[in-house]
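Reader: I should like to go through this structure by question and answer. Please begin with the terms that are needed.

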Amino acid sequence: MAYIEPAVSRLGQQNAAGDVDALFLKVFSGEILQVFEENNIMMPLTQQRNISSGKTAQFPVVGTAQAKYHTPGESVLTTDDGSSAAKYLSQVKHAERTISIDGVLLSTAFIADIDEAKNHYDVRAAYTTQIGRELAYSADRALIRTVIAGARKTTDRFGGSDAKFLGAAIDTASGATYTDAELVSACAEVAQKMDEASVPAEGRYMVLTPANYYTLVKTGNPAINSDFGGMGSIATGEVTQVAGLRILKSNHIPTADESSTQDSVLGDDLIKNDVFTAGGGYSGDDFSNTVGVAFQSEAVGTVKLMDLAVESEYQMDRLGTLMLAKYAMGHGILREECCFEIKTA
């Protein structure tokens, strides 16, 4: 009797034809390739206030006092040369800054049951992480632009134009880009201007674009050269501090002209804090020459009504799961003299 070849059902073959491995699952080793997480750096470095209700919060701001040598026997209430101004008493300026709560900012994703059933790895954790990150990045972008707005202000928090209460744009580059030496010089200039404005030495930071940050990580650069007191290392790719400023990097430094595109960037009619122009939100200006910001922790503030929260809900009528991240907060300038923009000419 002739031998009959058995009909073998190949589990990996599609419609009993073609590649016998076509339907077999690829091995993911329990990992899903995700976008590398960027650092969200601004929120913990600035002032924050949580409110349980309301739409705004007030931050009191106080000016500086003065000191004068006393003439023996003279009353400290004496006026100066017969004028109405007090000779010894300090006239400390007071004002307040109001920061409003913007509209609720959302980031959402929806997963249909049928797609989730067909898929061979879990995406819920990845999706919730991504939508949460996007809101964190939005806050980062808004806070960095708020620092830039503070540096560009021409009127101080008391309604005047006293230079000691104003920030500045720092440009020490000889060309379109900074050299390592020019960046070190920019750090020194920021530190000098902060000292001259009596800005506290604690909590000073500089945030640069990655390209400029790594310009500082070079052999022989005094920013990392221990012979010159540098604090950093080529091995770790870190520059920790220059001229008393902690150096950080961020992909959220704006580098484009957003004068006419603010509605699609960080401008919306639900944004109540217009740090640049009316209706501009956290944008509305040209950042083509911006390479970084420098600030002290009292520079800008955030008011939170609803902190970042991530929720998910199964929707029976849509046969799927809705995932949503949200927050309600606002950002504003508190002290202009703590705000500096690092830019090229």
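Author: A salt bridge is a side-chain nitrogen of Lys or Arg within 4 Å of a carboxyl oxygen of Asp or Glu. The model is a predicted one, in which local features need pLDDT of at least 70, side-chain atom pairs count only at pLDDT 80 or more, and totals for chains, interfaces and linings use all residues. Residues are numbered from 1 along each chain as its sequence is written, and side-chain values use heavy atoms, with hydrogens and water left out.

Reader: Which residue forms a salt bridge with R145?

Author: Side chains of opposite charge can pair when their charged atoms come close. For R145, the closest N and O atoms of the pair are 2.6 Å apart. R145 lies in helix α2 and its partner in the loop between β9 (245-249) and β10 (290-296), so the pair ties together parts that are 113 residues apart in sequence; helices (H or I, at least four residues) and strands (E, at least two) are DSSP runs, numbered from the N terminus. The partner of R145 is E258.

Reader: Is E336, which forms a salt bridge with R97, buried or exposed?

Author: The closest N and O atoms of E336 and R97 are 2.5 Å apart. E336 is in the loop between β12 and β13 and R97 in strand β3 (residues 94-100), 239 residues apart. Buried means under 20% relative accessible area, exposed over 50% and partly exposed in between (1.4 Å probe, protein chains only). Because its relative accessible area is 1%, E336 is buried.

Reader: Which residues are joined with R152 into one network of salt bridges?

Author: R152 in helix α2 pairs with an acidic residue in the loop between β9 and β10, so parts that are 133 residues apart in sequence are tied together. In that pair the closest N and O atoms are 3.2 Å apart. Salt bridges that share partners join R152 into one network with D285 and E341.

Reader: Why is one side of β1 and of β4 left without a neighbour in the sheet?

Author: The open sheet has four strands in the order β1-β11-β12-β4, with mixed pairing; two strands pair if DSSP finds at least two bridges between them. β1 (47-50) and β4 (105-112) stand at the edges, so each has a single partner strand.

Reader: How many bridges join β11 to β12?

Author: Strand β11 covers residues 300-315 and strand β12 residues 320-333, and the two run antiparallel. One of the bridge partners is G332 in β12, which faces G301. The number of bridges joining β11 to β12 is 13.
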